[in-house]
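Grab a pencil and open the viewer. Below are some exercises, each with a worked solution to check yourself against.

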Amino acid sequence: MTDSGRSTEVLVVGGGPAGAAAAFWLARQGHDVTIVERRTFPRDKTCGDALTPRAVHELERMGLGPQLAGAHRYFGVRVTGMDRELELQWPSHPILPQHGYVVHRDELDEMAARNAAGAGATLLEGHEAVQPLIDRGFVRGATVQDPDGATIDVAARYVVVADGANSRFGRALGTFRTREWPYATAIRTYWESPRHSEPWIESAIDLKDRNGNHIPGYGWVVPAGDGTVNVGVGLLSTFRDFKSANTAHLLDEYAVRIADRWQIDPERPHDKTASGRIPMGGSVGPKAGPTYLVVGDAAGSVNPFNGDGIDYAYETGRMAAQVLHDALAANDPTALQQYPRLLDEAFGEYFKVARLFARAVGRPGVMRELARAGIGNRSLMEWSFRIMANMLRPDELGPAEAAFKLASTLVKLAPNA
Ligand SMILES: Cc1cc2nc3c(=O)[nH]c(=O)nc-3n(C[C@H](O)[C@H](O)[C@H](O)COP(=O)(O)OP(=O)(O)OC[C@H]3O[C@@H](n4cnc5c(N)ncnc54)[C@H](O)[C@@H]3O)c2cc1C
């Protein structure tokens, strides 16, 4: 049954990083914005919990620097593989900080959503958008189910689709994933470890399946600073045997492999194992309709080089808010069509290079050879890390920038795969 409705200028469906950022930036500019989040904060989200410098920068832009300051800070990635290891500090950058943080998603997402509310957004927790409201062919809000099961219509001039990787709301509006492009699946759990407060996250680049074949993906250990480490495995869909790969087994094997070093008991995880699909490389679209924009995982905004998406969720949320502000200020809905162009300028070329990399490492033997070549060569690893972390310098042409320039020139000729 539909109760009395409400209305808002912009309805944001989903209160994760992308929705919280979009709502924050809209509210900051004085707009009437409502977030509907189907769960109640604090709510968990399956994740590695690692914030990159790009994510830290976005959180600081939203005024959350002081709240982050007490979180567990880390300085880079220790890459392991082929019985070797290499510590790679986050690259220096004229704008981005040289550190990341590890924050559980229940805390992180509540902090960002409350920050949006503090800026003036209305945050409706326990409210699920169950279907779009369509008026003469245009999306004008959503029918929303409240915690008691009653439904209300929330009418809006514009809608931001921020409902994450499965994006049922987005699918109801016609978004789809480009099936030929790579995606990933990842699984994680937590273990207690005396090394929980180390300032490095660890990444194993030589994962193997049960037959000893190197697989395109990586294992991670992310010290959370609270007595536990987040341990997980991510796998790219470009792997030949992807469909039959069992990520739970891969995680079990990885946990055994790191058990001594991290002093964990593989048999006794601290928490349940959880996994998720990761659409990546901008693979979901369309990103804009006449009255709606799609942000974060709902738009496939994850870096195919490393599976990080919190940073891109904040960034795409901010960019969506920017064009919605233009549309509202000028009373001109056509401003929304600038959003795909902004995304393309910011990430188009980078994501294309990264998708082709994901495709290349899916070929048998390529991952093994890259791991072997990389782990023995610090300078190669350092500039590769700068590329993979998307921390190229706008003001300097070092080896990373030169290599990326070459790669992007080559991929311009390649099909959009
Ligand atoms: C195992 C794993 C590990 C990962 N590790 C990392 C990492 O270490 N670092 C990193 O940067 N990224 C990581 N990622 C990716 C990262 O989690 C996502 O990119 C990020 O959460 C995207 O944010 P979002 O706001 O788009 O979506 P989400 O975080 O999924 O938020 C979507 C929100 O929408 C809500 N919602 C959904 N449907 C509705 C509806 N109909 N109505 C109302 N609300 C709705 C959901 O409850 C949810 O709160 C990982 C992903 C996985 C699966």
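Two strands count as paired if DSSP finds at least two bridges between them. Helices (H or I, at least four residues) and strands (E, at least two) are DSSP runs, numbered from the N terminus.

A quick note before you start: this is a predicted model, where local features need pLDDT of at least 70, side-chain atom pairs count only at pLDDT 80 or more, and totals for chains, interfaces and linings use all residues. Residues are numbered from 1 along each chain as its sequence is written, and side-chain values use heavy atoms, with hydrogens and water left out.

**Exercise 1.** Work out the strand order in the open sheet of three strands.

*Solution.*
- Step 1: Start with β3 (50-51), which is joined to strand β7 (residues 100-102) by two bridges, and the two run antiparallel.
- Step 2: Check a residue pair: alanine 50 is opposite valine 102 in β7.
- Step 3: Write down the order, β3-β7-β4, with antiparallel pairing.
- Step 4: Mark the edges, β3 and β4 (72-74), each of which pairs on one side only.

**Exercise 2.** Describe the open sheet of seven strands and find the helices that lie on it.

*Solution.*
- Step 1: Recall that strands of a sheet pair through backbone hydrogen bonds, either parallel or antiparallel.
- Step 2: Read off the order, β6-β5-β14-β15-β16-β13-β17, where the pairing is mixed.
- Step 3: Look at the edges: β6 (84-89) and β17 (274-279) have a single partner strand each, so one side of each has no neighbour in the sheet.
- Step 4: Note the turn between neighbouring strands, which is 20° on average, direction ignored. For such angles, axes are lines fitted to C-alpha atoms, for helices over the stretch in contact, and angles run from 0 to 180 degrees between N-to-C directions.
- Step 5: Zoom in on β5 (residues 76-81), which pairs with β6 in the antiparallel sense over six bridges. Here threonine 80 faces glutamate 85 in β6.
- Step 6: Add the helices, using contact in the sense of heavy atoms within 4.5 Å. Helix α6 (residues 247-262) packs on the sheet and touches several strands, including β13 (183-192) and β16 (228-236), with its direction at about 140° to that of β16. Helix α10 (residues 378-388) lies across β5 and β6, at about 50° to β6.

**Exercise 3.** Which residues come nearest to the ligand?

*Solution.*
- Step 1: Define the shell: a residue is near the ligand if one of its heavy atoms lies within 4 Å of it.
- Step 2: Pick out Glu37, Arg43, Gly48, Arg105 and Asp297, which come nearest of the 36 residues around the ligand.
- Step 3: Look for polar contacts with the ligand (pairs of N or O atoms within 3.5 Å). Glycine 48 has a polar backbone atom 2.7 Å from a ligand nitrogen. In lysine 45, a polar side-chain atom lies 3.3 Å from a ligand oxygen.
- Step 4: See which elements supply at least two shell residues each: among them are α1 (17-28), β2 (33-37) and α7 (310-329).

**Exercise 4.** Where are the cis peptide bonds at proline 42 and proline 286?

*Solution.*
- Step 1: Go to phenylalanine 41 and proline 42, whose peptide bond is cis with omega near 0°. Proline 42 sits in the loop between β2 and β3.
- Step 2: Move on to glycine 285 and proline 286, where the bond is cis with omega near -5°. Proline 286 belongs to the loop between β18 (284-285) and β19 (292-294).

Terms used. Polar contact = N/O pair within 3.5 Å; in protein donor to acceptor, adjacent residues only side chain to side chain.
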